[in-house]
Amino acid sequence: MKKQNLSRIVKSVQVGLQKHSPEILTGVGIAGMITAAVLAVRATPKALILMEEEKRRINAELLAEAKKKKQENCVRVDKLKPIELIRTTWVCYIPAAVTGALSVACLIGANSVNIRRNAALATAYSLSESALKEYQEKVINTIGEKKEQEIRDNIAKDKLSRDPVSNKEVIITGRGETLCYDTITSRYFKCDIEKLRKVENELNKKLISEMYISLNDFYYEVGLRATAIGDDLGWNIDDGLIDLEFSSQLAEDETPCLVIGYRLAPRYDFRNLL
C-alpha cells in the first residue's frame, strides 16, 4: 500500500513538473541570469588584481630586458592589450559564463515547449472547427435552414439573458444608434446593420488582397477598442470570407438589440499561410 502511495506521489510530481515546465524553466533561467550577473560582479575584483599582477610581470620583463641591453629608458605598460586581458582574466568569469549559458538554455527550452504546445493547440482547434462545420452542415440538411436559424436565435436570446445590458457599459462608437452585442467579447455597443455590412465587405476585400485579417481589425472598423484576444484570433482567406450573422432580439430593458455572430469563426493560427 505504501509503495502504491509513493508511486502515485512520484507520478503526480512528474505530471506537475511536465505541466508547468515552461514556467519552471523560465524561472530558473531568470534566476540563473541574475546569479550570473552577481558572479560576474564578484569576480571583477579578483580579475583587477590579476590584471595588475600581469602588468607588473610584463613591466618587470621589460625592465630586465632594458638592463640587459643597457638601455636607460624603459617602456612601461599601463594597459593590457585585449588578448592579454582575456588571457589573464577569463578564468575568473568561468562560473558566471557557465551559469549564463545554462540560463539561456533554460529560456530556450521554455520557449520550445511553448511552441510545441501552441502547435498542438492550433491542431486541436483546427480539428474542433472542422468537426463543428460538419455538424452544422448536417443539422441544416436534417432540419432545414429555417429551423436551424430558429435555434441560432434562441442561442442569441440565451446569451443576452445570461449577460444583461444592465450589468454592462454600452460603448458609443458614433457608427449608429442600434444596440449591438458582440458574442466573442460580450460587449454592448451602438452601431447599425448597414455599417456592419459595409465593414464586412471592406474587410473581405482586404482579406482577399492581404490573405489574413485579425479580429481587432474588425473591432477597429466598428469603433471598438482592441482586445488581447483580438490579436490572437482572425480570418485566413484559405477558410473563406468573413460572414457575419445577425439575430434581432430584445435586451433586458426591452430595447431592440442586434446580436452579432460569426458563421466563419475567427481562428487562432489565422496568420499561417502554409
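**Close-up 1. Glu 254, an exposed loop residue in this predicted model.** With a relative accessibility of 55%, Glu 254 counts as exposed. Look for Glu 254 in the loop that links β6 (244-250) and β7 (256-262). Although Glu 254 is not a glycine, its phi is positive, at about 70°.

**Close-up 2. Met 211, a partly exposed residue between a helix and a strand.** Here we move to the loop between α6 (193-210) and β4 (212-214), where Met 211 lies. Met 211 has a relative accessible area of 32%, so it is classed as partly exposed. Its phi is positive too, about 80°, and Met 211 is not a glycine either.

**Close-up 3. An open sheet with mixed pairing.** The sheet has 5 strands, in the order β1-β3-β2-β7-β6. The edges belong to β1 (170-172) and β6; each has a single partner strand, so one side of each is left without a neighbour in the sheet. On average, neighbouring strands are turned by 35° against each other, direction ignored.

**Close-up 4. The parallel pair β2 and β7.** Zooming in on this sheet, strand β2 (residues 178-182) runs parallel to β7, and 4 bridges join the two. If you would like a residue pair to follow, take Asp 182, whose bridge partner in β7 is Ile 260.

**Close-up 5. Helices α5 and α6 packing on the sheet.** Helix α5 (residues 145-162) touches β2, β3 (187-191), β6 and β7, and its direction makes about 60° with that of β6. Helix α6 also packs on the sheet, with contacts to β2, β3, β6 and β7. The direction of α6 makes about 165° with that of β6.

Terms used. Residues are numbered from 1 along each chain as its sequence is written. This is a predicted model: local features need pLDDT of at least 70, side-chain atom pairs count only at pLDDT 80 or more; totals for chains, interfaces and linings use all residues. Side-chain values use heavy atoms; hydrogens and water are left out. Buried means under 20% relative accessible area, exposed over 50%, partly exposed in between (1.4 Å probe, protein chains only). Two strands pair if DSSP finds at least two bridges between them. Axes are lines fitted to C-alpha atoms, for helices over the stretch in contact, and angles run from 0 to 180 degrees between N-to-C directions. Contact means heavy atoms within 4.5 Å.
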